[in-house]
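Where do oppositely charged side chains meet in this protein, and what surrounds them? The paragraphs below take up these points in turn, and they are best read with the structure open alongside.

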Amino acid sequence: MSFLSRLKVVPQFPSYKGPYTVASFELEIPVSSLPTCQRPPASAENVSTVQFRVFYPTAQKYKPADAENAPPNPPSGDTTEYNGAVHGAGNGVTNGGVADGIDDVNVPVDTSEKPATNGGWMPGWFSRSSSTATKSVYWLPEPHQREYLSGYARFLGAGSGLAELISYIPRILHHIALPAISQAPLLPSNTDFKFPTVLFSHGLGGTRLAYSHLCGSIASYGTIVIAPEHRDGSAPVTFIKPSSSPLSSETEITGATPKPAEPSAQRIQVDYTNYPHQISDVTAEGRNRQLEIRLWELSVIYSALTQLDLGQTPTGTQMFDADTPLRDELLGQFKDKLDIREPGRMIWAGHSFGSATMIQLMKSVYYGSRSAAPTDEEPLFIPDPVVPRGAGQKGACSLGEQITDKSPLMLLDIWCLPLLSARTRPLWKLPLPQVQNGNADRVLAIMSDEFFRWRENLRGVRRILSEDPGRRRGGPEHKVFEQWDKKGEFHPENDVATPAVEVTGQQIVAPMTNKSPSPALQEEKKAGKEKRVQFWYVKDSAHLSQSDFGVLFPRAIKRAKEPERILDYNVRAACQWLRECGYEKQIAEYGGEGEKLDEMKLGEKEKGDNIFAEDTDSWVKIQLEG
């Protein structure tokens with residue numbers, strides 16, 4: 001591996017720029033073990049578990065075995081040399097994991113009498129440290145790295161035979177590692193402090209690790225990010241492990257193909273399902289099935305998070321490459337630490353199909369629970385009314401209580417096609433709850449240059465973010481969003497020219513008139529205090545620039561320039577937006593590498609560092625309707 005490092009053959013991630021070291025683990029939880037009466041859709045009858053990866057800040061110092069790359073897979077059955085002191089009991093914080101002169105400290109400093117400062121962080125704590133390398137997190141999901149590589153090859157158009165061959169040669173991609181530590185302790189904080197919690201939904205071809213740099217970067221500023229892997233046929237491939245199957249250390253680490261006699265041979269494989277990028281009955285039916293599964297999975301994962309926050313580990317929960325004591329020790333640190341017990345505090349995010357998923361979830365729960373949506377068509381999702389509660393503890397919010405008109409919603413490269421069917425039509429016509437009720441600034445939408453130039457999709461996105469998406473605009477360019485029987489291609493190469501448009505710079509602005517806003521919004525407009533959706537795009541960026549593919553394989557993403565810059569804009573905007581949404585005492589200011597906790601001023605803004613203040617050569621505001 002060191003030889004490959006010197007040759008620079010293995011693609012590498014840049015480091016996270018936040019002040020905290022990032023740790024990660026993944027869970028697979030049986031649906032039957034969760035307190036939910038949400039019935040799975042018929043298309044999810046074989047989906048017996050939910051799976052997600054967690055990114056979070058830690059006090060452990062990141063020490064890869066190789067100075068330039070993470071270590072190769074450890075020897076099967078022996079991970080001792082890679083564990084180091086990651087799983088020490090109750091370790092404290094080291095000023096963001098970057099404090100100097102503490103490498104030989106083996107005993108945490110007693111800080112029981114120290115006051116809490118900086119929004120809840122406890123300065124002065126020290127973590128155990130060790131010269132042993134920290135355990136790595138690999139980008140291709142384990143234990144099925146070869147199968148995922150083959151799945152990506154098929155997703156990109158290779159035939160089954162060629163994809164199988166690619167999965168064997170070369171194995172260099174198996175060694176791509178995240179700049180994160182596997183299964184390190186959660187960064188300690190005072191008793192009342194809670195971490196902002198983000199639930200991120202991936203797009204087509206995505207996995208629980210395909211957006212690791214975006215998720216890890218946001219986590220490095222002080223959040224917990226949950227990245228599910230959807231089992232709806234949108235991932236290149238995914239596997240469902242029956243809850244009765246134990247974790248095999250050898251199989252999990254090496255990625256060896258399970259033998260028939262092994263319990264893991266019972267796995268269920270879900271391959272990528274390809275649907276045409278066109279408006280048709282076949283596509284609508286297929287995307288509706290996928291949305292049904294996705295919405296149900298997100299509701300189940302939310303239920304799982306409420307249990308973990310209450311300190312209850314669902315029966316049968318499996319943590320990759322961890323025994324039960326380690327799993328329980330690590331999950332126990334998340335008790336009372338997720339900021340999800342109050343309505344509107346959970347942060348929802350997604351990319352492409354994931355953005356469409358989050359839009360549909362937001363509207364399904366908000367309007368469904370209020371009986372405001374038309375009922376002509378069978379809804380894709382009805383929220384679970386059950387409120388999980390722990391004995392003698394303050395109960396968690398149900399999903400219907402959690403999603404409000406103030407819920408933060410981050411949408412990256414919104415893709416409209418999955419929302420253009422008869423079953424999604426009723427909710428398509430209704431505005432986002434945040435926009436309808438004067439909280440539009442709780443929505444952040446960031447487009448790539450590639451999707452910004454796709455005018456047909458952009459018109460749909462601007463509708464989604466408007467106060468009245470269902471209002472008729474007229475003109476042939478709007479038929480796709482108004483005549484729901486219209487069939488045809490929906491992709492950039494088949495765009496309908498927009499007549500009579502005003503062109504401002506590179507922004508296409510169609511002439512239109514809005515209906516009268518609500519009384520509350522009218523008062524805000526009169527007072528000049530109207531809240532608006534933050535709607536931006538990054539120049540010279542591609543659709544895949546918001547995923548890991550942009551930074552790992554920049555030569556393959558030809559439309560993008562400076563992939564790290566593109567992701568930095570997304571992360572910087574996300575952090576500032578969240579601080580403006582009420583998390584200013586929980587999320588660090590964007591400020592580059594090396595910033596220590598005791599030097600940070602949480603809750604204060606640096607002058608001249610407002611990314612939403614004005615356009616730049618690379619960061620451009622998109623005009624909303626009206």
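**Salt bridges and an enclosed strand**

Asp321 and Lys135 form a salt bridge in which the closest N and O atoms are 2.2 Å apart. The two partners come from distant parts of the chain, 186 residues apart: Asp321 sits in the loop between strand S10 (318-319) and helix H8 (324-332), while Lys135 sits in the loop between helix H2 (80-83) and strand S3 (136-138). Asp321 has a relative accessibility of 14% and counts as buried, and Lys135, at 8%, counts as buried as well. The model is a predicted one, and this pair belongs to a total of 23 salt bridges that the structure holds.

A second salt bridge is made by the side chains of Glu292 and Arg423, with an N to O distance of 2.9 Å. Glu292 belongs to helix H7 (residues 281-309), whereas Arg423 is found in the loop between strand S12 (409-412) and helix H11 (425-428), so this pair ties together parts of the chain that are 131 residues apart in sequence. Glu292 is buried, its relative accessible area being 13%.

Arg472 and Glu482 also meet through their side chains in a salt bridge, here with 3.8 Å from N to O. These residues are ten apart, with Arg472 in the loop between helix H14 (455-464) and helix H15 (479-482) and Glu482 in helix H15. Is each of the two partners buried or exposed? Arg472 is exposed, with a relative accessible area of 56%, whereas Glu482, at 11% relative accessibility, counts as buried.

Salt bridges can also join into a network, and here Glu26, Arg53, Arg208 and Glu229 are linked in this way. One member, Glu229, lies in the loop between strand S6 and strand S7 (237-240), and S6 is a useful place to continue.

Why can strand S6 (residues 224-228) be called largely enclosed by the rest of the structure? Five of its five residues are buried, and a residue counts as buried when its relative accessible area is under 20%. Both faces of S6 are covered, since Ile224, Ile226 and Pro228 on one side and Val225 and Ala227 on the other are all buried.

The strands that pair with S6 can be followed next. Strand S2 (residues 49-58) pairs with S6 in the antiparallel sense over four bridges, and within this arrangement Phe52 has Pro228 of S6 as its bridge partner. Strand S5 (residues 197-201) runs parallel to S6 and is joined to S6 by three bridges, with Val198 having Val225 as its bridge partner in S6. Between S5 and S6 the chain passes through helix H5 (residues 212-219), and the resulting β-α-β crossover is right-handed.

The path then returns to Glu229, which counts as buried at 1% relative accessibility. Besides its place in the salt-bridge network with Glu26, Arg53 and Arg208, Glu229 is joined to Tyr148 by a polar contact of 2.4 Å between the two side chains. When residues up to four places away in sequence are not counted, Glu229 touches Gln51, Tyr148, His202, Thr207, Arg208, Val237, Thr238 and Glu297. Tyr148 and Arg208 are thus among the residues that Glu229 touches, Tyr148 being its partner in the polar contact and Arg208 a member of the network.

Definitions and conventions. Residues are numbered from 1 along each chain as its sequence is written. This is a predicted model: local features need pLDDT of at least 70, side-chain atom pairs count only at pLDDT 80 or more; totals for chains, interfaces and linings use all residues. Side-chain values use heavy atoms; hydrogens and water are left out. A salt bridge is a side-chain nitrogen of Lys or Arg within 4 Å of a carboxyl oxygen of Asp or Glu. Helices (H or I, at least four residues) and strands (E, at least two) are DSSP runs, numbered from the N terminus. Buried means under 20% relative accessible area, exposed over 50%, partly exposed in between (1.4 Å probe, protein chains only). Two strands pair if DSSP finds at least two bridges between them. A crossover is right-handed if, with the strands pointing away from the viewer, the path from the first strand over the helix to the second runs clockwise. A polar contact is a pair of N or O atoms within 3.5 Å; within protein, one must be able to donate a hydrogen and the other to accept it, and residues adjacent in sequence count only if both atoms are side-chain atoms. Contact means heavy atoms within 4.5 Å.
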